[in-house]
Amino acid sequence: MTHPNDRLARRNVTVLVAAQAFLGAQMPMIFTIGGLAGQSLAPNACFATLPISLIVLGSMLSATPVSAIMQRYGRRAGFLLGTAGGTLGGAVGALGLYLSSFPVFLLGSLLTGLYMSSQGFFRFAAADTASEAFRPKAISYVLAGGLLSAVIGPQLVKWTADAYVIPFLGTYAAVIAVNLVGSLLFLFLHIPKPPAPSEDAPKGRSRRELLASPRIAVAVICATVSYAMMNLVMTSTPLAVVGCGFRTADAANVVTAHVLAMYVPSFFTGHLIARFGVERIMATGLAILACAGGVALSGVELERFFVALVLLGIGWNFGFIGATTMLAGAHAPEERGRMQGLNDLVVFGGVTLASLSSGGLMNCSGGTPQDGWTSVNMAMAPALVLAGGALIWLLMNPKRQPAE
């Protein structure tokens, strides 16, 4: 039986899926060429992937203010701010390429992080007007929109990378256009703005109190570990594949398989959560991430890269969607802005550290690419043990289980 609120929720989910597909295409575009463009501008090749790290850093720094703006002015205002950041980031990045200035290019990457941060709230917005039964499905459907962005983004790169004499300048021009056109989608979004709190309205828990809640703490830990470990391995994959003697095209195919594995399960992850419970799906996701590391450590044949990266994508999907669903049901409406901003600050802080450390582990922890690839995958173990231990602790304490 359909909940009365779910008619509006389904409309909002449709808008957010479209935004995830079209606006979200700029992220695979920039992640595809950011390192290559950085390599052409950086004074030292070791800094080639610094533009990617600064995007994630910009997302981490802007998560809390963007969430506060959404809490006060509504989701639409926050999402439009994000597209403004994406537009400005694309323009500054293009200027950096035109001037052959690495610092200017890095500034554009940092500004792009504002869009990445706002995109992270699409999944929370999907849950705002959804009933409890529809909530995990709504979150899954919105993340599934990333499947389309994974197709649209690389195609736009192929059409635009060499459109001008300056390599990749056309791609950054396309990023500007994507943000300007995609921002119109939010005119169709209808999520009621949170009412202004009265003096006697509940203020909700402080950030310290929220993180002290067992269910919230476990959700944040599992979301951070799932996202950061996926990023750690994915960032080094092209270097490992090529370093082990395969072609650049093989590396691209492996990454494509990984991205598809990240988003295809979203069509049924919500149904699995509704049937088996969020804790079991999160535990399954962490186990699959561990299996991905095991396959990667077993050899460097091309088919092992494919299997490892597909498992990595599925594990991220189950772990991250599960953690998001748990968090969405563990705080009160008046705590939404505070908690969601804090969550993404922690999550993208972890992703930033993973992004910065991935290249160092790959290039500086052994004499061969195989040694570096081994170090990258071994580095997942402590984080997965932490997340798995936290989830087991929650499951072993039934009194800590109900959503707050």
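Let's start with Ser236, which lies in helix H10. Keep in mind that this is a predicted model. Is Ser236 buried or exposed? Ser236 is buried, with a relative accessible area of just 1%. Leave aside the neighbours within four places in sequence, and Ser236 is in contact with Ser358, Gly359, Met362, Trp373 and Val376. Hold on to the name Trp373, which will come back soon.

Helix H10 also matters for the next stop, the nonpolar core. The largest such core has 113 residues, and H10 gives the most to it, with 15 residues. Which residues have the most contacts inside this core? They are Leu16, Phe79, Leu97, Phe122, Tyr227, Leu312 and Trp373. Take Leu312 and look at what surrounds it: not counting neighbours within four places in sequence, Leu312 is in contact with Met229, Met230, Val233, Met234, His258, Leu289, Ala292 and Met380.

Now for the rings. How many aromatic pairs does the structure hold? There are 13 of them. In one, Tyr227 meets Trp316: the ring centres are 5.8 Å apart and the planes stand at 80°, so the pair is edge-to-face. The cut-off behind that name is simple, because planes over 60 degrees apart count as edge-to-face. Tyr227 belongs to helix H10 (residues 214-243) and Trp316 to helix H14 (residues 302-328), so this pair ties together parts that are 89 residues apart in sequence. Both Tyr227 and Trp316 are buried.

Here Trp373 returns. Phe305 and Trp373 form an aromatic pair too, with 5.3 Å from centre to centre and 45° between the planes, and this one is tilted. Phe305 sits in helix H14 and Trp373 in helix H16 (residues 369-378), so the pair ties together parts that are 68 residues apart in sequence. Like the previous two rings, these are tucked away: Phe305 is buried, and so is Trp373. Rings can also gather in groups, and Tyr227, Tyr263, Trp316, Phe320 and Phe348 form one aromatic cluster. A ring can have a charge for company as well: the charged end of Arg10 sits over the ring of Phe134, 4.4 Å from the ring's centre.

From there, let's move to pairs of opposite charges. How many salt bridges does a search of the whole structure find? It finds 3. One of them joins Arg75 and Asp128, whose closest N and O atoms are 2.7 Å apart. Arg75 is in helix H4 (residues 75-99) and Asp128 in helix H6 (residues 122-128), so the bridge links distant parts of the chain, 53 residues apart. The two partners have their own surroundings: Arg75 is buried, with a relative accessible area of 3%, whereas Asp128 counts as partly exposed at 25%.

Another salt bridge pairs Glu279 with Arg215, and here the closest N and O atoms are 3.0 Å apart. Since Glu279 lies in helix H13 (residues 278-297) and Arg215 in helix H10, the pair ties together parts that are 64 residues apart in sequence. Both Glu279 and Arg215 are buried. There is also a bridge between the side chains of Arg304 and Glu301, at 2.6 Å from N to O. Arg304 is partly exposed, with a relative accessible area of 33%, and Glu301 is partly exposed as well, at 34%.

What about cysteines? The structure holds 0 disulfides. Why is Cys222 not bonded to Cys291? The sulfur of Cys222 is 16 Å from the closest cysteine sulfur, that of Cys291, which is too far for a bond. Cys222 counts as buried, at 1% relative accessibility, while Cys291 counts as partly exposed, at 45%.

One last stop is Asn179, in helix H8 (residues 169-182). At 1% relative accessibility, Asn179 counts as buried. Which residues does Asn179 touch, not counting those up to four places away in sequence? They are Leu23, Gln26, Thr83, Gly86, Thr87 and Tyr115. Val254 is another matter: the C-alpha atoms of Asn179 and Val254 are separated by 28 Å, and the two residues are 75 apart along the chain.

Methods. Residues are numbered from 1 along each chain as its sequence is written. This is a predicted model: local features need pLDDT of at least 70, side-chain atom pairs count only at pLDDT 80 or more; totals for chains, interfaces and linings use all residues. Side-chain values use heavy atoms; hydrogens and water are left out. Rings of Phe, Tyr and Trp (its six-membered ring) pair if their centres lie within 6.5 Å; planes under 30 degrees apart count as stacked, over 60 as edge-to-face and the rest as tilted. Helices (H or I, at least four residues) and strands (E, at least two) are DSSP runs, numbered from the N terminus. Buried means under 20% relative accessible area, exposed over 50%, partly exposed in between (1.4 Å probe, protein chains only). A charge sits over a ring if NZ of Lys or CZ of Arg is within 6 Å of the ring centre and within 35 degrees of the ring normal. A salt bridge is a side-chain nitrogen of Lys or Arg within 4 Å of a carboxyl oxygen of Asp or Glu. A nonpolar core is a set of buried Ala, Val, Leu, Ile, Met, Phe, Trp, Tyr and Cys residues joined through side-chain atoms within 4.5 Å. Contact means heavy atoms within 4.5 Å. A disulfide is a pair of cysteine sulfur atoms within 2.5 Å.
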